[in-house]
Amino acid sequence: MENTVSIKFLGASGTVTGSKFLLKTSEKNILIDCGMFQGLKDLRQLNWENLSVTVEEIDIVLLTHGHLDHVGYLPRLLKQGFTGKIIGTAPTLAIAQVILIDSAKIHEEEAEKANKEKYSKHHPALPFYTVKEAEKTINHFEVEIENRWIKLSDHISYRFQPNGHIIGATFIEIDINGKRFVFSGDIGRRNDLLLEDPKKPEWADFLFIESTYGNKLHPQEDLETILSELITDTILKNGNLIIPSFAVERLQTLMYILWKLYKKNKIPNIPIFVDSPMGNNVLEIFKRFTKWHKLSDQEYHAMCEHINIIQSYKDTWKTIDDPRSKIIIAGSGMVTGGRVLTYLQHYIDIPTTTVLLVGFQAEGTRGRQLLEGAHEIRFFGKYYPVRARIKIIESLSAHADQDDLLNWMGSIKNIPEKVYLIHGEPTVLDAFKTKIKNVFNWNVSIPKLNDSEELMI
């Protein structure tokens, strides 16, 4: 085998979304993750461009987990000539299937709506990919077991190791001719309500580590008190509490917390509605893959029975027309699309409405605009005044904070030849680089989008 490997940073480099990293070797070319860019318009426009590599030469895709910014570009990869296998853990591929089909439906619906109401600059507006293209992609999925080395070629093996964050998520270790490449994916938090603590790598010659919260510590919030007070205030004002939520993990965590608060008599029996077709499908994944989370069957069923799970768009409108104070959990978590926009269309301009943000809000998203105090937001081709109260709970984030990241890295027994900081915004990356140098004195690099490096092995 030749003694060089090249790495090309095709996404999540200098930004948080669009994870894609191509390892080229003399035996196999491996793409780690294949996500969509989200947030700023300049980033979103990159999704429509072909990758700056020869896609036909990619042999295999390994997925760290099923989030859109790690899997959402897969149908476009096939469109550009990829014919190989797409490999992940069983829950990861189950979630990827749900997310790809759901997002394809949204792409089709938004294109149809834009064409009908003529608010797109593109004539005609086209879906990013179709349901048919998503289904074709899913045919390339192949499950591999976690915690086991899989031989890919004479000198290359890989292993998935559970990583918290969401159900099925892993970091990926790839051994190439005796050198170990570690791709962190998204690292979960310790003491998560639903998931076991992330495993940790013990050796890394080249480490590629996410940096979403590389400059922050999650606040030590009294979550139960904050939620109880918000819900009590909502009822007193005869208002509505709207929680835009990520469909995977965050939605299930919120359901669990609200159910537990009711069981402890910390909140009254206020109607709770979950409106996320994708979230409903992920609930089924929790039911199927019990070894990947902490919920017992009894807790799972009791939680689901306590909460109104909306099954149809007709029920969405019934919920909007319901005059009672209520809690609505709806996708999407960064307010970029999904059912939450339908609720905000009716409630965002009412002062008795509270919008509670419960996760990372990327630059350029409506969630970030709300967080930063926007007086109006635009969707469905119109501007809507923001009169609702905007709140955020940061302690619900599924991402490791700086302490968690350093703890995760701290089990590595050797000194890596190089550490690459990925999946972070520029100021965060700079701060995290300084912190790693101070704590470990490791050689740290911050790659830019489409950078390439030749590595000696």
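**Entry 1: two helices, H8 and H9**

I began with a helix pair, and I saw that H8 passes H9 in a left-handed crossing. I count a crossing as left-handed if the near helix is turned anticlockwise from the far one by less than a right angle, and as right-handed if clockwise. Helices (H or I, at least four residues) and strands (E, at least two) are DSSP runs, numbered from the N terminus.

I noted for myself that this is a predicted model, where local features need pLDDT of at least 70 and side-chain atom pairs count only at pLDDT 80 or more, while totals for chains, interfaces and linings use all residues. Residues are numbered from 1 along each chain as its sequence is written, and side-chain values use heavy atoms, with hydrogens and water left out.

Back to the pair: helix H8 (residues 277–288) packs against helix H9 (residues 297–306) at an angle of about 160 degrees, and their axes are 11 Å apart. Axes here are lines fitted to C-alpha atoms, for helices over the stretch in contact, and angles run from 0 to 180 degrees between N-to-C directions. H8 is therefore roughly antiparallel to H9; the cut-offs are under 35 degrees for roughly parallel, over 145 for roughly antiparallel, 65 to 115 for roughly perpendicular, and oblique for the rest.

Which residues make the contact? I found Leu283, Glu284, Phe286 and Lys287 on H8, and Tyr300, His301, Met303 and Cys304 on H9. Contact means heavy atoms within 4.5 Å.

**Entry 2: H4 and what it meets**

Next I looked up H4 and helix H5 (residues 131–138), whose axes come within 8 Å and cross at roughly 165 degrees. That makes H4 roughly antiparallel to H5. H4 passes H5 in a right-handed crossing. From H4, Gln97, Leu100, Ile101, Ala104, Lys105 and Glu108 meet Val131, Ala134, Glu135, Thr137 and Ile138 of H5.

I also saw H4 lying across S5 and S6, at about 155 degrees to S6.

**Entry 3: the cores**

I then went looking for nonpolar cores, meaning sets of buried Ala, Val, Leu, Ile, Met, Phe, Trp, Tyr and Cys residues joined through side-chain atoms within 4.5 Å. Buried is under 20% relative accessible area, exposed is over 50%, and partly exposed is in between (1.4 Å probe, protein chains only).

The largest core has 76 residues, and Val61, Leu74, Leu77, Ile327 and Ile329 touch the most other members. Helix H4 (residues 90–117) gives the most to this core, with nine residues. Apart from it I found another core of 27 residues, including Ala12, Leu62, Ile150 and Leu152.

I picked Leu74 for a closer check: leaving aside neighbours within four places in sequence, Leu74 is in contact with Cys34, Val61, Leu63, Ile86, Leu100, Thr137 and Phe141.

**Entry 4: the seven-stranded sheet**

I traced an open sheet of seven strands in the order S6-S5-S4-S3-S2-S1-S22, with mixed pairing. Two strands pair if DSSP finds at least two bridges between them. Strand S6 (141–143) and S22 stand at the edges with a single partner strand each, so one side of each has no neighbour in the sheet. The twist averages 25 degrees from one strand to the next.

Inside the sheet, strand S4 (residues 60–62) and strand S5 (residues 85–88) run parallel and are joined by three bridges. Leu62 has Ile87 in S5 as its bridge partner.

At the edge I stopped at Ser452, which lies in strand S22 (residues 452–456). Is Ser452 buried or partly exposed? Ser452 is partly exposed, with a relative accessible area of 47%. Leaving aside neighbours within four places in sequence, Ser452 is in contact with Ile7 and Lys8.

**Entry 5: the six-stranded sheet and two hairpins**

I followed another open sheet, of six strands with parallel pairing, in the order S14-S13-S15-S12-S16-S19. Strand S14 (308–309) and strand S19 (389–392) are at the edges; each has a single partner strand, so one side of each is left without a neighbour in the sheet. Four bridges join strand S16 (residues 353–357) to S19, and Leu356 has Lys391 as its bridge partner there.

For hairpins, I noted that S7 is joined to S8 through two residues, and that Ile150 stands opposite Tyr158 in S8. S17 and S18 also form a hairpin with two residues between them, and Phe380 in the turn has a positive phi of about 50 degrees.

**Entry 6: Ser184**

My last lookup was Ser184, in the loop between strand S10 (179–183) and strand S11 (206–210). Ser184 is buried, with a relative accessible area of 0%. Not counting residues up to four places away in sequence, Ser184 touches Asn163, Thr170, Phe171, Phe208, Ile209, Glu210 and Trp408.
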